[in-house]
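Trainee: I have a structure open in front of me and I don't know how to read it. Could you walk me through a few features?

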Amino acid sequence: NCYSNKVHTFSSVPSAPPPPDLMNSAKYRQILQNNTLSVYDNVSYDETDLNNVLNRKDKNLTPTTNEVIASSAILSGTETNEPNRNSCYERLHEVETPISQRKLSSGDPERFVPVKRSPLTRMKSDPLDVEKRAKFSKPSISSDVNFRPTSMMNLSVTSRGSRKLSTGEVPENAPPLSTHRTGLLRRRMSIHRMLSWSKSPIKKPMVLTRDKRLRKEAVEVFKLILQYMGDKSTRKTPESLSVEITTKGWSMPLLRDEIYIQLCKQTTGNNKVASLTRGWELITSCLSIFPPSSKFHAYLEGYIYRHLDPEENHTTVRLDLYAKHCYKQLERICQTGAKRGLKGPTIDEIKSAIKRVFNPSMFGNTLDDIMEMQAEHFPENRLPWILTTLTEAILLHNGLQTEGIFRVPGDIDEVNSLKIHVDNWKVPMHMNEPHVAASLLKLWFRDSYEPLIPQRFYDQCIHNCDNTEVCLNIVNSLPALNKLVFSYLIRLLQAFMIPTNVQYSKMDENNLAMVWAPNCLRCPSNDPREIFDCTRKEMAFLRTVMKALDTSFLEGVV
């Protein structure tokens with residue numbers, strides 16, 4: 001029994017690793033002589049010095065009888081605090097302890113005060129343990145130049161202001177994960193293995209929760225994911241499974257992180273082409289319906305970011321295209337929030353979301369991208385097809401004299417349906433009111449990847465909102481396509497400003513400016529007070545332009 005008070009023989013005490021060469025500095029040797037350290041002292045090793053310790057063979061370091069007795073007392077916990085410390089364990093700590101890590105006493109600047117160590121950690125002098133602690137004790141160098149978001153799956157990524165994480169290490173502010181065990185001995189599963197692809201169903205949720213209903217739903221949704229990805233046989237169609245999975249996340253906000261972390265798990269280390277493709281399709285579908293929580297956002301962003309590099313592609317799966325689309329969609333869905341309306345996700349919405357990966361949508365893209373896509377369908381058009389189509393739909397349904405036009409929202413489910421219809425380059429045919437087309441038109445401007453009036457013009461617009469001449473000069477200074485689209489919008493709003501139309505619609509220049517200013521200008525600040533102050537100036541700018549801009553040059557332009 002190594003914890004008894006008896007003195008052990010030499011064969012029962014493990015031999016300590018020899019110390020490295022002492023530094024040639026006389027001052028350093030003098031400090032070591034005057035300030036001997038005990039085994040209580042905290043030790044941080046460097047890999048180079050550790051190799052010297054392990055490789056050196058010095059016969060003079062063989063423990064003496066006194067050292068054997070001292071070591072036995074250490075193991076039994078009965079050592080005393082006598083000043084004479086000559087065991088090879090102590091010499092190892094004495095030599096290897098960096099000077100920078102020793103605490104100075106307040107009285108003597110040359111006097112070092114050892115830091116006490118818990119008795120439970122006194123036996124951690126094994127070379128392998130020392131080597132592990134040496135690695136983790138190295139200071140990390142974080143850089144802001146090549147910043148990448150922290151990823152739960154790529155834990156070696158260095159985040160801004162934090163140290164570089166090692167493989168299998170979970171960041172401090174990570175979502176609380178459940179402890180999974182495996183095997184007959186119920187050994188604890190490593191983070192890397194727990195977050196890697198598996199064909200077996202899970203028995204408990206990935207995210208720690210005490211809610212029995214959530215625990216049950218988490219296990220069930222993982223089975224649905226296995227079935228959708230083809231890793232488990234089922235009679236259900238992939239379309240119905242995707243709708244069922246996205247509906248669960250849409251209707252149960254507390255289940256959303258669980259779904260996303262399960263999808264990250266099943267697309268990590270997955271060598272099956274069909275299964276991997278289905279997994280990324282499901283990530284795309286979920287990101288079009290509901291966002292992750294603020295806690296999981298950074299890790300999902302980092303996981304997607306890691307796959308943006310084409311070199312990370314699977315042999316036949318273009319993961320970079322999926323990642324590029326998901327990266328934009330994650331940013332967009334976190335700003336707009338989950339899908340609105342009373343109806344849950346539909347098969348058409350899921351198909352449309354997957355299709356946008358290789359056929360980008362007209363919503364959420366730049367004007368240049370939209371015109372590039374439009375060149376295949378309407379190469380002669382100078383204006384975006386969606387802009388002219390929705391404008392004609394509003395006018396066709398007597399939108400000029402409809403009360404509350406642009407202010408009263410259309411039915412959200414009909415707006416979503418029309419969005420899918422128009423995104424497939426189909427002219428809207430079945431509409432009963434102009435509010436649906438008007439709401440979708442505002443959504444198109446609002447969801448644009450860049451504001452209609454570029455950000456570099458924002459300060460000029462705010463500071464000169466009442467100056468007619470300066471406002472018109474700003475409009476003329478816009479990029480050609482932005483100027484054309486903005487002038488077309490102003491021409492439409494000028495039609496609503498006609499007194500005979502205002503009499504019915506109740507939408508005068510002030511109401512129109514209030515509704516449309518946020519869709520044309522975007523305040524770069526996140527401060528609510530500053531946003532409120534800028535809103536009035538944005539309205540004043542748009543009102544000034546509506547009164548003074550000559551849009552007659554757009555006659556006949558399509």
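**Reading a fold, one feature at a time**

Mentor: Let's begin with one residue: Asn365 is buried, with a relative accessible area of 10%. Keep in mind that this is a predicted model.

Trainee: Why is Asn365 called buried?

Mentor: The idea is a simple cut-off: a residue counts as buried when its relative accessible area is under 20%. Asn365 is buried because its value is 10%.

Trainee: Where does Asn365 sit, and what is it in contact with?

Mentor: Look in the loop between α13 and α14 for Asn365. Setting aside neighbours within four places in sequence, Asn365 is in contact with Lys328, Pro360, Ile370, Met373, Ser448 and Tyr449. Then try Glu450: along the chain, Asn365 and Glu450 are 85 residues apart, yet 7.7 Å separates their C-alpha atoms.

Trainee: Can we try that with a residue in a helix?

Mentor: Sure, take Ile283, in helix α10 (residues 273-287). Ile283 has a relative accessible area of 1%, so it is buried. Beyond its neighbours within four places in sequence, its contacts are Leu263, Thr267 and Cys326. Also compare Ile283 with Thr246: they lie 37 residues apart in sequence, and from C-alpha to C-alpha the distance is 9.7 Å.

Trainee: Which residues touch the most other members of the largest nonpolar core?

Mentor: A nonpolar core is built from buried residues joined through their side chains. Here the largest one has 67 residues, and Phe406, Phe486 and Phe541 touch the most other members. Helix α20 (residues 480-496) supplies the largest share of this core, with 10 residues. There is also a second, separate core of 49 residues, and Trp250, Cys264, Leu330 and Ile333 are among its members.

Trainee: What does Phe486 touch?

Mentor: Not counting residues up to four places away in sequence, Phe486 touches Leu452, Ile453, Val475, Leu478, Cys520, Phe541, Leu542 and Val545.

Trainee: Now for pockets. How much space lies in the largest one, and which residues are closest to its centre?

Mentor: With a pocket, look at the space first, then the lining. The largest pocket holds about 1,600 Å³. Its lining has 47 residues, with Arg332, Thr336, Lys419, Leu443 and Asp447 the closest to the centre.

Trainee: Which element gives the most to that lining, and what kinds of residue are in it?

Mentor: α12 gives the most, 10 residues. By kind, the lining divides into 16 nonpolar, 15 polar and 16 charged residues. Both domain 1 (181-359) and domain 2 (368-554) contribute at least three residues each to the lining.

Terms used
Residues are numbered from 1 along each chain as its sequence is written. This is a predicted model: local features need pLDDT of at least 70, side-chain atom pairs count only at pLDDT 80 or more; totals for chains, interfaces and linings use all residues. Side-chain values use heavy atoms; hydrogens and water are left out. Helices (H or I, at least four residues) and strands (E, at least two) are DSSP runs, numbered from the N terminus. Buried means under 20% relative accessible area, exposed over 50%, partly exposed in between (1.4 Å probe, protein chains only). Contact means heavy atoms within 4.5 Å. A nonpolar core is a set of buried Ala, Val, Leu, Ile, Met, Phe, Trp, Tyr and Cys residues joined through side-chain atoms within 4.5 Å. On a 1 Å grid over the protein atoms alone, a cavity is a set of points where a 1.4 Å probe fits but cannot get out, and a pocket is an open set with protein on both sides within 12 Å along at least five of seven lines; lining residues have an atom within 4 Å of a point. Grid points are joined across faces, edges and corners, and a volume is the space filled by probe spheres set on the points. Ala, Val, Leu, Ile, Met, Phe, Trp, Tyr, Cys and Pro count as nonpolar, Asp, Glu, Lys and Arg as charged, and the others, Gly among them, as polar. Domain bounds come from an automatic or database domain assignment.
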